[in-house]
Amino acid sequence: MIDLTGTRVGCAMTGSFCTFKAVFEAWEALAATGAELTPILSFNAATTDTRFGLAEQTRERLREITGREPLRTLAQVEPIGPKKLLDALVVAPCTGNTLAKLAAGIADTPVTLAAKSHLRNGRPVVIAVSSNDALGQNAQNLGRLLSTRNMFFVPFRQDDPLGKPNSLVARFEKLPETLAMALEGRQIQPLMG
Ligand SMILES: Cc1cc2nc3c(=O)[nH]c(=O)nc-3n(C[C@H](O)[C@H](O)[C@H](O)COP(=O)(O)O)c2cc1C
């Protein structure tokens, strides 16, 4: 049983809507470790209604699991770095869009700004990728982040190698274990499969 009692963890979600159900389960597992969870939503995750659910339902689920109102503006996440508000930041799911921004140092959404702000404290960011182009146009960004200090990855796999050969999806159930190791500065292995 993983014990993260008192560890302050940012739970940042971006717009891979089809994975939200699995990610909510991962946040629940994380809450059970005793971690203090701060939910953060990208603009798109906070406001887009899709066939996988309504934006208000996303926000409500996060309130239920974490007991906190999701942060969803740049101004709300900006203090994360200067005030050292988090011990770790988890981005799950991480879209191809957010992956590319993180690799390029772009910080124009609550999730990417939270990451930039948090990283300056030299603390871990854990990424759970979910993108149809992770092995295509985004492979270079994935490679860059894999070799970036304080970036850790939830193990990922090809979810449909023949139908979507460039797609990767994280094993969200490995999130608590990945985070626990990242807090010790270690990347969980195996990374793929
Ligand atoms: C229903 C739906 C499902 C989506 N699923 C994914 C996905 O699994 N992975 C991905 O990278 N983008 C996905 N997208 C596209 C992203 O939501 C889009 O690139 C958006 O700009 C991401 O912004 P964000 O990274 O700031 O949340 C999906 C969009 C919609 C409407």
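This tour moves through a predicted model, from the whole chain to single residues.

**The whole protein**

Begin with the entire chain in cartoon view, where eight helices and seven strands make up the secondary structure. The radius of gyration is 15 Å, close to the 16 Å that the globule rule gives for 193 residues, so the protein is as compact as a globular protein of that length. Turned along its principal axes, the C-alpha trace spans about 45 × 35 × 35 Å. Of the 193 residues, 46% count as buried. Consider next the contacts between residues at least 6 apart in sequence: 80% of these join residues at least 24 apart.

**Helix α1**

Select residues 20–31, which form α1. The 12 residues of this helix should span 16 Å at 1.5 Å a residue, and the end C-alpha atoms of α1 are indeed 16 Å apart, which agrees. Now display the side chains of F20, V23, A26, W27 and L30, the buried residues of α1. They cover an arc of only 115° around the axis, which puts them on the same side of the helix. To see what these buried residues pack against, add β1, β2 (36–41), α3 (55–66), β3 and α8 to the selection.

**Helix α8**

The last of those elements is the next stop. Select residues 175–182, helix α8, and highlight its buried residues: L175, P176, T178, L179 and A182. These cover an arc of only 160° around the axis, which puts them on the same side of α8. Their packing partners are β1 (8–13), α1, β3 (88–94), β4 (125–131) and β5 (151–153).

**The surroundings of the ligand**

Select the ligand and the 16 residues around it; T14, G15, S16, S42 and T95 come nearest. The elements that contribute two or more residues to this shell are α2 (43–47), α5 (96–104) and β4. Which of the elements gives the largest share of the shell? It is α5, with three residues. Coloured by residue type, the shell divides into three nonpolar residues, 13 polar and no charged.

**N97 and S131**

Remain with α5 and select N97, which lies in that helix. N97 is partly exposed, with 19 other C-beta atoms within 10 Å. Draw a distance from the C-alpha atom of N97 to that of S131: the separation is 8.6 Å, although the two residues stand 34 apart along the chain.

**Two cis peptide bonds**

Select A92 and P93, which are joined by a cis peptide bond with omega of about -5°. P93 has its place in strand β3. Then go to Q189 and P190, where another cis peptide bond is found, with omega of about -5°. P190 lies in the segment after α8.

**Two residues with positive phi**

The tour ends in two loops. In the loop between α4 (74–77) and β3, select K84. Its phi is near 50°, a positive value in a residue other than glycine. Is K84 buried, exposed or partly exposed? With 13 other C-beta atoms within 10 Å, K84 is partly exposed.

Finally, select N150 in the loop between α7 (139–146) and β5. N150 is likewise a residue other than glycine with a positive phi, here near 70°. This residue is partly exposed, with 17 other C-beta atoms within 10 Å.

Note on methods: Residues are numbered from 1 along each chain as its sequence is written. A residue is buried if 20 or more other C-beta atoms lie within 10 Å of its own, exposed if 12 or fewer, and partly exposed in between; C-beta atoms are placed from the backbone. Helices (H or I, at least four residues) and strands (E, at least two) are DSSP runs, numbered from the N terminus. The arc is that of the directions from the helix axis to the C-beta atoms. Two residues are in contact if their C-beta atoms, placed from the backbone, lie within 7 Å. A residue is near a molecule or strand if its C-beta atom, placed from the backbone, lies within 6 Å of it. Ala, Val, Leu, Ile, Met, Phe, Trp, Tyr, Cys and Pro count as nonpolar, Asp, Glu, Lys and Arg as charged, and the others, Gly among them, as polar. The radius of gyration is taken over C-alpha atoms; the globule rule is 2.2 Å times the number of residues to the power 0.38. The expected span of a helix is 1.5 Å times one less than its number of residues.
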